[in-house]
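Please open the structure in your viewer and keep the sequence beside it. The tour below proceeds by selections, and each stop states what is to be found there.

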Amino acid sequence: MERKILYRFFEGKASLEEEEEVCDWTEASEENMQEYIKERKYFDLLLVQNKRNSTPHSSGKGYLLNNLIKYAAVVALFIICGLQAYRITKTETDQEMNTITVPTGQRVNLLLSDGTNVWLNSGTKMRYPASFTKGKREVTLDGEGYFEVTRNEKVPFEVKTKEVNLKVLGTKFNFRNYPDDAEVTVNLLEGKVALHNEIRPMQELYLVPNERMVLDKLTGKMTKSHVKAENASVWINDELFFDEELLEDIAKKLMRSYDVEIEVADSLKNKRFYGSFKIMGNTIDEVLQTIASTNRMKYRHEDEKYILY
């Protein structure tokens, strides 16, 4: 793929034919996708450097905002390929289904057929119908999603995962359940949700605004607590927030956000940390240095991976 075509694509100046060429190329192989991501990162670094050189006296906030806009544009451009890259399948009822997988370091925003707004985080996979049938609104999720569900009193909206199923009429919530996470978490911002435990039998658990449910995947125990739920969805604005989370799960968040390899010592996996960081403007080393400043862990970088001990 010619670099000049890719750069026109990143800038939003590519023709329709060039957009299709880039999409077809990225879908052709994993190698091509990795090359695309590498070139995009290099392009973003050039944007940052050009901004620094052209406005040396600008404020940090203005600089951050301008570059976040550019990052958002790149994510939006990636959706052009994402929309064409959905895997279409047919169910027994001949219903057309879409599957979207978000690459590492990316986020995707999409609107479902009922008007529900969904943000999907890095490494997330979601399956949903092209159009919701009468009497049913259901999606399956592997990863993390922030949902603003269009209210429908007659047809509940359901999010299904292996360990927990969620049902709402209309609300705002953040649902995180990556397959390799030790815990499932649901944070409710508005409305009311019902949670069904798929690991062990128990009554449905209900959440009201500013409540969080954490499910231990090993034991099936569900715990409810009062939190500032909006913090759980700050990732849609390019932020990381840890609210007494397991270090092992924090490491997975960092790996998805920075596309790096992190290994956590067994002695640290059950330790919990609190923190808040901007992804843009903070390197992985700066984030790890801040966590290490608590004197509860150390880290080193060797053999192209970070080791927390």
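In which sense do strand β6 and β7 pair, and over how many bridges? Select residues 137-148, which form β6, together with β7: the two pair in the parallel sense over 4 bridges. Strands pair if DSSP finds at least two bridges between them. Helices (H or I, at least four residues) and strands (E, at least two) are DSSP runs, numbered from the N terminus.

Before going further, note that this is a predicted model, in which local features need pLDDT of at least 70 and side-chain atom pairs count only at pLDDT 80 or more, while totals for chains, interfaces and linings use all residues. Residues are numbered from 1 along each chain as its sequence is written, and side-chain values use heavy atoms, with hydrogens and water left out.

**The whole protein**

Display the full chain. The protein has 6 helices and 19 strands. Of its 309 residues, 47% are buried; buried means under 20% relative accessible area, exposed means over 50%, and partly exposed lies in between (1.4 Å probe, protein chains only). Among contacts between residues at least 6 apart in sequence, 49% join residues at least 24 apart. A contact means heavy atoms within 4.5 Å.

**Stop 1: strand β7 and its partners**

Select residues 157-160, which make up β7, and show the side chains. They alternate: F157 and V159 point to one face and are buried, whereas E158 and K160 point to the other and are not. Now add the neighbours of K160. On the β6 side, T140 has K160 as its bridge partner. In β8, the bridge partner of K160 is N165. Strand β8 covers residues 164-168, and 4 bridges join it to β7, the two running antiparallel. Follow the chain from β7 to β8 and you will pass through a hairpin of 3 residues.

**Stop 2: the nonpolar cores**

Select M126, F147, F173, F175, L195 and M213. These residues have the most contacts inside the largest nonpolar core, which has 31 residues. A nonpolar core is a set of buried Ala, Val, Leu, Ile, Met, Phe, Trp, Tyr and Cys residues joined through side-chain atoms within 4.5 Å. In soluble globular proteins, nonpolar side chains tend to be buried together. Apart from this core lies another, of 23 residues, among them L240, M255, A292 and M297.

Return to M213, which lies in strand β13 (residues 211-216). Is M213 buried or exposed? M213 counts as buried because its relative accessibility is 0%. Leaving out residues up to four places away in sequence, M213 touches V164, V184, T185, V186, L195, L205, L207, M222 and T223. One of these, V184, is 29 residues away along the chain, yet the C-alpha atoms of V184 and M213 are separated by 7.9 Å. With the same sequence neighbours left out, the residues that L195 touches include N165, L166, E204 and M213.

**Stop 3: two helices**

Select residues 3-11 (α1) and 16-28 (α2). These helices pack at an angle of about 105 degrees, with their axes 10 Å apart. Axes are lines fitted to C-alpha atoms, for helices over the stretch in contact, and angles run from 0 to 180 degrees between N-to-C directions. The angle therefore makes α1 roughly perpendicular to α2, a term covering 65 to 115 degrees. The contact is made by I5, L6, R8 and F9 of α1 and by E18, E19, E21, V22 and W25 of α2.

**Stop 4: an open sheet of three strands**

Select β16, β19 and β18. These 3 strands form an open sheet in that order, with mixed pairing. The edge strands, each pairing on one side only, are β16 (262-264) and β18 (299-302). Strand β19 (residues 305-308) runs parallel to β16, joined to it by 3 bridges; here E263 stands opposite I307. Add residues 247-258: this is helix α5, which packs on the sheet and touches β16 and β19, its direction making about 175 degrees with that of β16.

**Stop 5: a positive phi**

Finally, select E304, found in the loop between β18 and β19. Phi of E304 is near 60 degrees, a positive value in a residue other than glycine. Most residues other than glycine have a negative phi. E304 counts as exposed because its relative accessibility is 72%.

Key:
Parallel < 35°, antiparallel > 145°, perpendicular 65-115°, else oblique.
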